[in-house]
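Hi,

Here is the structure I promised to pass on. Have a look at it first, and then read on for what turned up when I went through it.

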Amino acid sequence: MKTLEERVQRLEDERDILGVLYTYGHAIDYNYEEEFLDCWTEDARLVYCALDQTHQGREAIARAFREHTHAPEAYHKHFLAEPRIRIDGDRATVESMYARLDRFADGPRVRSFGRYVDLLVRCADGRWRFKERLAQRETRQAQSAG
């Protein structure tokens with residue numbers, strides 16, 4: 001049986017990992033670039049599978065962030081659901097589902113949905129960060145957003 005300290009550490013790790021997952025959506029939707037970039041290791045990899053785009057390293061991820069739409073120019077929301085977190089020491093794998101809600105001329109609609117497959121690592125400062133994020137979209141892109 002695990003000690004109380006080990007059990008508490010696991011709960012804290014899970015909470016901190018969830019914080020990284022949630023920060024991704026808030027930061028990309030509202031242009032919080034510094035918070036977004038702090039979610040990634042220097043050598044991280046972000047892959048948008050359906051677009052066949054790979055962004056290797058924090059600088060490439062920063063460029064992808066800047067090319068993405070943000071409020072107030074475009075309102076959208078990234079939602080995360082049912083994350084399954086598996087922690088092994090200073091590494092964690094997470095599978096979660098996502099949906100992106102966009103504003104269209106006729107009202108809000110789900111633009112895409114799919115799943116994220118993530119690898120996070122505990123960094124030297126004790127913070128968890130993405131080492132790799134695979135965004136696996138399972139829908140076709142909706143018509144243009146308004």
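A nonpolar core, as the term is used here, is a set of buried Ala, Val, Leu, Ile, Met, Phe, Trp, Tyr and Cys residues joined through side-chain atoms within 4.5 Å. Please keep in mind throughout that this is a predicted model.

**The core**

With that in hand, the largest nonpolar core has 26 residues. The residues with the most contacts inside this core are Ile17, Tyr24, Phe36, Trp40 and Phe130. Two or more residues each are given to the core by the helices α1, α2 and α3 (58–67), and also by the strands β1 (40–48), β3, β4 (91–104), β5 (107–122) and β6 (128–137). Which element gives the largest share of this core? That is α1, with six residues.

**Aromatic rings**

Some of those names come back when you look at the rings. Across the whole structure, a search finds nine aromatic pairs. One of them joins Tyr24 and Phe36 in a tilted arrangement, with 5.3 Å centre to centre and 40° between the planes. This pair links distant parts of the chain, since Tyr24 belongs to helix α1 and Phe36 to helix α2 (residues 33–37), twelve residues apart. Tyr24 and Phe36 are both buried. Ring pairs also build up a cluster that takes in Tyr24, Phe36, Trp40, Phe65, Tyr98, Tyr116 and Phe130.

Two arginines are worth a click as well. The charged end of Arg133 sits over the ring of Tyr116, 3.5 Å from the ring centre, and Tyr116 is one of the members of the cluster just described. In the other case, Arg109 places its charged end over the ring of Phe104, at 3.9 Å from the centre.

**A pocket**

Next, the second largest pocket, which has a volume of about 180 Å³. It is lined by 13 residues, and the closest to its centre are Tyr22, Gly25, His26, His78 and Phe79. The elements that give two or more residues to this lining are α1 (4–30) and β3 (76–88). Helix α1 provides the largest share here, seven residues, just as α1 provides the largest share of the core. Sorted by class, the lining of this pocket has seven nonpolar, three polar and three charged residues.

**Backbone details**

A few spots along the backbone deserve a closer look. The peptide bond from Ala71 to Pro72 is cis, with omega near 5°; Pro72 itself is placed in the loop between α3 and β3.

Two residues have a positive phi although neither is a glycine: Asp52, at about 55°, and Glu82, at about 50°. Asp52 is found in the loop between β1 and β2 (53–56), whereas Glu82 is in strand β3. Are they buried or exposed? The cut-off for exposed is over 50% relative accessible area. Asp52 has a relative accessibility of 72%, so Asp52 counts as exposed. Glu82 has 59%, and therefore Glu82 counts as exposed too.

**Along the chain and through space**

Finally, here are some separations to try on your screen. Ser96 lies in strand β4 and counts as buried because its relative accessibility is 3%, where buried means under 20%. Ser96 and Tyr116 are 20 residues apart along the chain, and their C-alpha atoms are separated by 5.3 Å.

Met97 is also in strand β4. Its relative accessibility is 42%, so Met97 counts as partly exposed. How far apart in space are Met97 and Glu132, which are 35 residues apart in sequence? The distance from C-alpha to C-alpha is 16 Å.

Arg66, in helix α3, counts as partly exposed because its relative accessibility is 49%. Arg66 and Gln136 are 70 residues apart in sequence, and 21 Å separates them in space, C-alpha to C-alpha.

If you would like a place to begin, try Tyr24: this residue is buried, has a place among those with the most contacts inside the largest nonpolar core, and is part of the ring cluster.

Happy browsing, and all the best

How values were computed: Residues numbered from 1 in each chain as written. Predicted model: local features only at pLDDT ≥ 70, side-chain atom pairs only at ≥ 80, totals over all residues. Heavy atoms only, no water. 1 Å grid on protein atoms, 1.4 Å probe; cavity = no way out; pocket = protein on both sides within 12 Å on 5 of 7 lines; lining within 4 Å. Points joined across faces, edges and corners; volume = space filled by probe spheres on them. Helix = DSSP H or I, 4+ residues; strand = E, 2+ residues; numbered from the N terminus. Nonpolar A, V, L, I, M, F, W, Y, C, P; charged D, E, K, R; others polar. Phe/Tyr/Trp six-rings, centres within 6.5 Å; stacked < 30°, edge-to-face > 60°. Buried < 20%, exposed > 50% of the residue type's maximum accessible area, 1.4 Å probe, protein only. Lys NZ or Arg CZ within 6 Å of the ring centre and 35° of its normal.
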